[in-house]
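The exercises below ask for a careful reading of one chain, each with a worked solution that proceeds step by step. Please keep the sequence and the coordinates at hand while working through them.

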Amino acid sequence: MTDRRQRCDSIEGQKQAMQNALAGPIEPPKHVRLRDSDRPFWDAIIGARARDKWDAADLAHAANLARCQADIEDMQTRLEAEGHVIENARGTMVANPRHSILETLSRRAVYLSKLLHVHPEAKQGEAKDQGKALNAQRKAGQVSQDADDDLMPGLGTH
């Protein structure tokens, strides 16, 4: 017998959504340490899936992803301050070694995002569907802009 997933548009699904909303933020497991710099990334990652879809193993991976993303920001800031090319001990100009660290961290972040199903395709669907949504948004934005122009003559882009 297969365990069927609860549909979000069913009564039970709606109850689960309400319970998730009222439960408050998800904290990392007790054995997982997050730094202050990791917290914004943790919150964003955890917010990418419904509360009841997280288990202990996923939360540990989410913490790794949060740390990785915080390290990427730190490494990028240091790289920008030092420059892309630096002088080595022999006085030769070389590529900053932080580039390879940043590349490794970026690959790790992509892998963990896919593992956790918090990457864009998992959250938003295939690229072709995202394109349709973007086109609809652009059309709605144009309609909105046209309406604003009609309401405030002289302020439009005409």
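**Exercise 1.** Determine which residues Ile72 is in contact with, leaving aside its neighbours within four places in sequence, and decide whether Ile72 is buried or exposed.

*Solution.* Taking contact to mean heavy atoms within 4.5 Å, and leaving aside neighbours within four places in sequence, Ile72 is in contact with Leu102, Leu105, Ser106 and Ala109. Before going further, note that this is a predicted model, in which local features need pLDDT of at least 70 and side-chain atom pairs count only at pLDDT 80 or more, while totals for chains, interfaces and linings use all residues. Residues are numbered from 1 along each chain as its sequence is written, and side-chain values use heavy atoms, with hydrogens and water left out. Ile72 lies in helix 3, where helices (H or I, at least four residues) and strands (E, at least two) are DSSP runs numbered from the N terminus. With a relative accessible area of 16%, Ile72 is buried, given that buried means under 20% relative accessible area, exposed over 50% and partly exposed in between (1.4 Å probe, protein chains only). As a further check, the C-alpha atoms of Ile72 and Thr104 are separated by 9.4 Å, although these residues are 32 apart along the chain.

**Exercise 2.** Describe how helix 3 and helix 4 pack, giving the angle and the distance between their axes.

*Solution.* The axes, which are lines fitted to C-alpha atoms, for helices over the stretch in contact, with angles from 0 to 180 degrees between N-to-C directions, lie 9 Å apart at an angle of about 155 degrees. That makes helix 3 roughly antiparallel to helix 4, since angles under 35 degrees count as roughly parallel, over 145 as roughly antiparallel, 65 to 115 as roughly perpendicular and the rest as oblique. The residues of this contact divide into 13 nonpolar, six polar and six charged, where Ala, Val, Leu, Ile, Met, Phe, Trp, Tyr, Cys and Pro count as nonpolar, Asp, Glu, Lys and Arg as charged, and the others, Gly among them, as polar.

**Exercise 3.** Work out which residues of helix 2 meet helix 3, and how the two helices are oriented.

*Solution.* The axes of helix 2 and helix 3 come within 8 Å and cross at roughly 130 degrees, and the two helices are therefore oblique to each other. From helix 2, Phe41, Trp42, Ile45 and Ile46 meet a set of helix 3 residues that includes Leu59, Ala62, Leu65, Gln69 and Glu73. Sorted by type, the residues of this contact comprise ten nonpolar, one polar and one charged. Pro40 is also found in helix 2, but at 52% relative accessibility Pro40 counts as exposed.

**Exercise 4.** Identify which residues touch the most other members of the largest nonpolar core, and which element gives the largest share of this core.

*Solution.* A nonpolar core is a set of buried Ala, Val, Leu, Ile, Met, Phe, Trp, Tyr and Cys residues joined through side-chain atoms within 4.5 Å. Of the 22 residues in the largest one, Trp42, Ile45, Ile46, Trp54, Ala62, Leu65 and Leu116 touch the most other members. The elements giving two or more residues to this core are helix 2 (39-46), helix 3 (56-82) and helix 4 (98-116), and the largest share, nine residues, comes from helix 3. Not counting residues up to four places away in sequence, Trp54 touches Ile26, Ile45, Ile46, Arg49, Leu59, Ala62, Leu116 and Val118.
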